[in-house]
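Colleague: Could you take a close look at one part of this predicted model for me, namely the largest nonpolar core and the helices that pack into it? I would like one connected account that starts from the chain as a whole and then works inward.

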Amino acid sequence: MYARVVAATVATVLGTGAILLSPTSDARAGEDGPPRVIAHRGASAYAPENTLAAIDKAAELGFSWVENDVQRTEDGVLIVLHDDSLERTTDVEQVFPGRAPWKVKDFTAAEIARLDAGSWFSPAYAGTRVPTLTEYMRRLEHNHEKLLLEIKNPELYPGLEQQTLKLLANEGWLDDRHLGRLIVQSFSADSVRTVHQLKPAVTTAYLGTPSVSDLREFADFADLVNPSYDSLSAGYVSAAHAIDGPHGRPLGLFAWTVNDAATARRVAGYGVDGVISNKPDVVRAALSSD
């Protein structure tokens, strides 16, 4: 099923000379079995998405890689939340009824800290909070997890790339020991390019499916192209793997969001390097049974 074998791939960290195992080569090496299985917004089928509970659940299930989304509050604090509105995953309508449409950028971090981000999912998670990125990174470190971090809605938050990288550096996640545990991605090619230019040693990913003819252009600044599973084919994966990214490794591909066994087997059969799932245990079981 997964014919590509990479014996060993390393990346030289610019300015230090240190050698790291890259996240994409780690995916092919298959710590959790090839392809890598990434818990989408944490184990979000089993705990409220993008919360500390969700990454704790991923760790409990045995998954080292998790995915999250980063946005910014009105007073400049980075938080972990998918939507640009607080409406879907918190009780903001009840706490602040007169402030529709409840955009993240219109609320301070202290206001967001008052919100319940768990009851919408299950009464068992009542009182769960929206984490700041600082809190989130510290829990990842505690859990020995790895992160696929999405720069979310960068057009709403000028300078989000720089601020995110600064926070990651302050938390120690841009040192030699952590760079192999981090991938930064975005749907915005400009955002991915900015991250690459600011910190060339960071592994980067573009969320989407560029045309085969455009892959070489994306390979100037992205180590991976992460497409929706329904846009993939074996030919596309082979075309991407034939092109080297900015660190001299073949372009990787993580397919999203795969939540059933049949689709997991299909995309793994294409040769993808990773599968992003709300139900990572379902994907792992499907691939382990082959």
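Modeller: In this predicted model, the protein chain exposes about 11300 Å², of which carbon and sulfur atoms supply 51%. Buried residues account for 55% of the 290 residues in the chain, which is built with 11 helices and 11 strands. Among contacts between residues at least 6 apart in sequence, 62% join residues at least 24 apart.

Turning to the part you asked about, the largest nonpolar core has 40 residues, and Met137 and Leu147 are the ones that touch the most other members. Two or more residues each are given to this core by helix H2 (52–61), strand E4 (65–72), strand E5 (78–80), helix H5 (133–143), strand E6 (146–151), helix H6 (160–170) and strand E7 (182–186). Apart from this core lies another one, of 23 residues, with Phe63, Tyr236, Val237 and Ala286 among them. Leucine 147 shows how the elements of the core come together: setting aside residues up to four places away in sequence, leucine 147 touches Trp65, Val66, Asn68, Tyr136, Met137, Leu140, Trp173, Arg181, Leu182 and Ile183.

Three of those partners, Tyr136, Met137 and Leu140, are also among the buried residues of H5, which include Leu133 and Asn143 as well. Seen down the axis of H5, these buried residues fall within an arc of 125°, so they line one face of the helix. An α-helix has 3.6 residues a turn, so residues three or four places apart point the same way. The other side of H5 carries Arg138 and His142, both of them exposed, while the buried residues of this helix pack against H2, E4, E5, E6 and H6. After H5 comes histidine 144, with a positive phi near 60°.

H6 can be read in a similar order. Its buried residues are Leu160, Glu161, Thr164, Leu165, Leu167 and Leu168, and they cover an arc of only 160° around the axis, which puts them on the same side of H6. Lys166 and Asn170 are exposed on the face turned away from that buried side. The buried residues of H6 pack against E4, E5, H5, E6, E7 and H7. The backbone on either side of this helix also deserves a look: asparagine 153, in the loop between E6 and H6, has a phi near 50°, a positive value in a residue other than glycine, and H6 is followed by glycine 172, whose phi is positive, near 85°.

Since H7 is one of the elements that the buried residues of H6 pack against, histidine 196 is a useful place to continue, as it belongs to helix H7 (residues 189–198). Histidine 196 counts as buried because its relative accessibility is 15%, and the cut-off for that class is under 20%. Leaving aside neighbours within four places in sequence, histidine 196 is in contact with Thr204, Asp220, Phe221 and Pro246. From histidine 196 to valine 184 the C-alpha atoms are 9.2 Å apart, with the two positions 12 residues apart in sequence numbering.

Asparagine 50 lies in the loop between strand E3 (36–39) and H2, and H2 is one of the elements that give residues to the largest core. Asparagine 50 is buried, with a relative accessible area of 1%, and its phi is near 60°, again a positive value in a residue other than glycine. Asparagine 50 also helps to line the second largest cavity, together with residues including Pro48, Glu49, Thr51, Val80, Trp120 and Arg129. That cavity has a volume of about 40 Å³, and the structure holds 2 cavities of 30 Å³ or more.

For comparison, there is a further helix with a one-sided burial pattern. In helix H10 (residues 261–270), the residues Thr263, Ala264, Val267 and Ala268 are buried, and seen down the axis they fall within an arc of 130°, so they line one face of H10. Their cover includes strand E10 (254–255), strand E11 (274–277) and helix H11 (280–288). In the loop between E10 and H10 sits threonine 257, which a cis peptide bond with omega of about -25° joins to tryptophan 256.

Methods:
Residues are numbered from 1 along each chain as its sequence is written. This is a predicted model: local features need pLDDT of at least 70, side-chain atom pairs count only at pLDDT 80 or more; totals for chains, interfaces and linings use all residues. Side-chain values use heavy atoms; hydrogens and water are left out. Helices (H or I, at least four residues) and strands (E, at least two) are DSSP runs, numbered from the N terminus. Buried means under 20% relative accessible area, exposed over 50%, partly exposed in between (1.4 Å probe, protein chains only). Contact means heavy atoms within 4.5 Å. Accessible areas come from the Shrake-Rupley method with a 1.4 Å probe; for residues, only the protein chains shown count as cover. A nonpolar core is a set of buried Ala, Val, Leu, Ile, Met, Phe, Trp, Tyr and Cys residues joined through side-chain atoms within 4.5 Å. The arc is that of the directions from the helix axis to the C-beta atoms. On a 1 Å grid over the protein atoms alone, a cavity is a set of points where a 1.4 Å probe fits but cannot get out, and a pocket is an open set with protein on both sides within 12 Å along at least five of seven lines; lining residues have an atom within 4 Å of a point. Grid points are joined across faces, edges and corners, and a volume is the space filled by probe spheres set on the points.
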